[in-house]
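Please look over the sequence and the model shown here before reading the report.

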Amino acid sequence: GVPVFDEEGVERGLSARAGLEGVVRTVTTRSWIIPMPLLILPPILMQALRSLPSIACRKGLLLASELTAIAVCLQVALPLVLAMQPARMQLRADSLEPEFHGLLDSAGRPVTF
């Protein structure tokens, strides 16, 4: 499990369900969202570059352009896609194990994680 903290920053225990949710979100981000800019943008850019006669007739320049397009996509899109997933997640207490249900914070309000 992973440590679970309430809104006040107090650790309330370890939760396997919160860990599983974190893994699922990470796998989804890494396997579905990160490849999208690399699969979409370079082919569009390369199609535009192939329409330019000065680049289309030079195979070396075409290859260098394609590698540059991929590198730029990695440098620009990767940090943006990784920023989509926050470092800390918020989960409803009822989505976790039973020991996290019905907890109250210091003000007597129901705890959310």
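The report below takes up a charged residue, then the empty spaces, and then a pair of valines. The model is a predicted one.

**Glutamate 97**

Glutamate 97 is placed in the segment that follows helix 4, the helix spanning 59-82. Is a salt bridge present or absent at this buried glutamate 97? Glutamate 97 has no salt bridge although it is buried, and the nearest side chain of opposite charge, that of arginine 17, lies 4.7 Å away; because a salt bridge requires a side-chain nitrogen of Lys or Arg within 4 Å of a carboxyl oxygen of Asp or Glu, this pair does not count as one. Arginine 17 nevertheless takes part in another way, since the side chain of glutamate 97 reaches the backbone nitrogen of arginine 17 at 3.0 Å. Once the neighbours within four places in sequence are left aside, the residues in contact with glutamate 97 are Ser15, Ala16 and Arg17.

**Pocket and cavities**

Where a structure leaves empty space can be shown by rolling a probe the size of a water molecule over the atoms. The largest pocket here holds about 420 Å³ of space. Its lining is made up of 19 residues, and those closest to the centre of the pocket are Pro3, Phe5, Arg88, Met89 and Gln90. Two or more lining residues come from each of strand 1 (2-5) and helix 1 (16-33), and strand 1 gives the most to this lining, with 4 residues.

In addition, the structure holds 2 cavities of 30 Å³ or more, and the largest cavity has a volume of about 40 Å³. The residues lining the largest cavity are Ile34, Pro37, Leu38, Cys73, Leu74, Ala77 and Leu78. Helix 2 (35-50) and helix 4 are the elements that give two or more residues to this cavity lining, with helix 4 giving the most, namely 4 residues.

The two spaces are set out below with the element that gives the most to each lining.

| Space | Volume | Element giving the most to the lining |
|---|---|---|
| Largest pocket | about 420 Å³ | strand 1, 4 residues |
| Largest cavity | about 40 Å³ | helix 4, 4 residues |

**Valine 23 and valine 72**

Helix 1, already named for its part in lining the largest pocket, is also where valine 23 is found. Valine 23 counts as partly exposed because its relative accessibility is 47%. How far apart are valine 23 and valine 72 in sequence and in space? Valine 23 and valine 72 are separated by 49 residues in sequence and by 28 Å in space, taken from C-alpha to C-alpha.

Note on methods. Residues are numbered from 1 along each chain as its sequence is written. This is a predicted model: local features need pLDDT of at least 70, side-chain atom pairs count only at pLDDT 80 or more; totals for chains, interfaces and linings use all residues. Side-chain values use heavy atoms; hydrogens and water are left out. Buried means under 20% relative accessible area, exposed over 50%, partly exposed in between (1.4 Å probe, protein chains only). Lys and Arg count as positive and Asp and Glu as negative; His and the chain ends are not counted. A polar contact is a pair of N or O atoms within 3.5 Å; within protein, one must be able to donate a hydrogen and the other to accept it, and residues adjacent in sequence count only if both atoms are side-chain atoms. Contact means heavy atoms within 4.5 Å. On a 1 Å grid over the protein atoms alone, a cavity is a set of points where a 1.4 Å probe fits but cannot get out, and a pocket is an open set with protein on both sides within 12 Å along at least five of seven lines; lining residues have an atom within 4 Å of a point. Grid points are joined across faces, edges and corners, and a volume is the space filled by probe spheres set on the points.
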